[in-house]
Amino acid sequence: MINNKKISITSNGMEIIKDYDLKDLNTFGVHARAKYFVTLEREEDLPELFNLSEFKNNQKLFLGGGSNILFTKDFDGIVILNKLKGIEVVSEDTESVFIKCMGGEIWDDLVQFTVERGLWGIENLALVPGTAGAAPMQNIGAYGVELKNTLEDIEAYDIESGEKKVFKNAECEFGYRDSIFKSKVKGKYFITAITIKLSKISKPNISYKILENYLKENNIEVKSSKDVSIAVSAIRRSKLPYNTKVLGNAGSFFKNVYVSRQKLAELLSTYPDLSFFEEGEKIKINSGWLVEKCGWKGKKVGNVGVHEKQALVLINYGGATGEEIINFANQIIDSVKEKFNLQIVPEVNII
């Protein structure tokens with residue numbers, strides 16, 4: 001029984017709900033309850049939200065699409081659902097277009113907005129789950145492209161002072177699935193909008209092996225950014241379970257692992273079929289390959305399992321708790337450590 005309890009309505013019409021069931025707001029579909037819950041639909045309502053006693057006196061969690069989170073327990077605080085909407089071209093010149101996107105927009109809607117206009121830069125990030133506001137937190141990336149390649153700035157509010165701040169790209173300290181918002185200022189800012197800089201000039205990035213092979217095998221000549229986004233979407237749909245209402249999941253659960261060239265050579269001497277990528281001087285090991293080699297791909301324990309087509313994806317087959325999922329994930333982590341002496345870590349935000 002959901003049994004959510006509306007306790008008050010603010011002067012601007014925001015409903016504050018007590019004991020809110022978050023099951024439908026996380027793609028793992030696990031049951032967890034929030035002490036308080038509110039939906040934010042207008043940026044101008046933020047000052048009132050910041051002054052609410054329920055906000056000031058409790059832990060805070062801002063939710064977007066709920067696609068990169070695992071609740072292992074109830075949340076003893078206030079959950080704010082980001083529903084800020086709007087995508088607009090703010091400026092352009094002969095070569096570039098600057099697009100502002102509000103944080104509550106679905107990320108793939110932004111990708112489609114750009115490829116329909118023939119713009120280049122984020123087409124490789126088609127079908128990445130989540131919202132635009134959550135994208136910079138972990139510097140989303142796929143098929144050889146990361147958000148940091150196109151991000152111009154981020155608009156965010158200090159949740160203690162209520163002051164608005166604009167973070168330029170360099171200030172975000174982007175790394176592999178990382179940013180300042182996951183480290184130094186974690187939990188201190190609420191991202192309301194991002195601005196990205198895209199190219200009007202054709203700049204296809206199709207060197208990523210899986211994408212390159214798909215285009216060749218299907219005799220696809222890339223003439224537009226939309227061609228790339230369609231190809232990426234087809235690859236993702238073939239490998240990943242996208243209907244989270246049927247198979248609860250959060251996409252890739254584990255980050256890939258960076259190793260030294262010495263460690264790479266050591267691994268290749270034992271495992272010549274090792275799956276890895278070279279990024280300049282950096283070597284990235286495919287964590288999905290590691291998980292699969294440990295025998296987890298397609299394996300199911302109780303209500304939790306690893307997807308049969310993609311070893312990085314953990315599945316809630318129905319009724320699993322967040323605690324069951326993280327315990328299952330820890331078994332995988334331990335087995336990879338034992339077999340390869342490599343430490344894989346969750347990409348998903350564990351609450």
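This report covers the overall build, one open sheet and one pocket of a predicted model.

## Overall build

The protein chain has eight helices and 20 strands. Its C-alpha trace spans about 65 × 55 × 35 Å along the principal axes.

The radius of gyration is 21 Å. A compact globule of 351 residues would come out near 20 Å, so the chain agrees with that expectation. Buried residues account for 51% of the 351 residues. Buried here means under 20% relative accessible area.

## The five-stranded sheet

One open sheet holds five strands. Their order is β7-β8-β13-β11-β12, and the pairing is antiparallel. Two strands stand at the edges: β7 (87–92) and β12 (164–168). Each has a single partner strand, so one side of each is left without a neighbour in the sheet. From one strand to the next, the twist averages 20°.

## The β11–β12 hairpin

Edge strand β12 pairs with β11, which covers residues 151–158. The two run in the antiparallel sense and share five bridges. Asp-153 has its bridge partner in β12, namely Lys-168.

Five residues lie between the strands of this hairpin. Gly-162 takes a positive phi there, near 80°.

## The second largest pocket

Rolling a probe the size of a water molecule over the atoms shows where empty space is left. The second largest pocket holds about 310 Å³ of space. It is lined by 16 residues. Closest to its centre are Trp-120, Gly-121, Thr-150, Ser-199 and Lys-203.

By class, the lining has eight polar, four nonpolar and four charged residues. Which strand gives the largest share of this lining? Strand β13 (residues 189–199) does, with three residues. That strand also belongs to the open sheet, where β13 stands between β8 and β11 in the order. The pocket lining and the sheet therefore have strand β13 in common.

Note on methods. Residues are numbered from 1 along each chain as its sequence is written. This is a predicted model: local features need pLDDT of at least 70, side-chain atom pairs count only at pLDDT 80 or more; totals for chains, interfaces and linings use all residues. Side-chain values use heavy atoms; hydrogens and water are left out. On a 1 Å grid over the protein atoms alone, a cavity is a set of points where a 1.4 Å probe fits but cannot get out, and a pocket is an open set with protein on both sides within 12 Å along at least five of seven lines; lining residues have an atom within 4 Å of a point. Grid points are joined across faces, edges and corners, and a volume is the space filled by probe spheres set on the points. Helices (H or I, at least four residues) and strands (E, at least two) are DSSP runs, numbered from the N terminus. Ala, Val, Leu, Ile, Met, Phe, Trp, Tyr, Cys and Pro count as nonpolar, Asp, Glu, Lys and Arg as charged, and the others, Gly among them, as polar. Two strands pair if DSSP finds at least two bridges between them. Axes are lines fitted to C-alpha atoms, for helices over the stretch in contact, and angles run from 0 to 180 degrees between N-to-C directions. The radius of gyration is taken over C-alpha atoms; the globule rule is 2.2 Å times the number of residues to the power 0.38. Buried means under 20% relative accessible area, exposed over 50%, partly exposed in between (1.4 Å probe, protein chains only).
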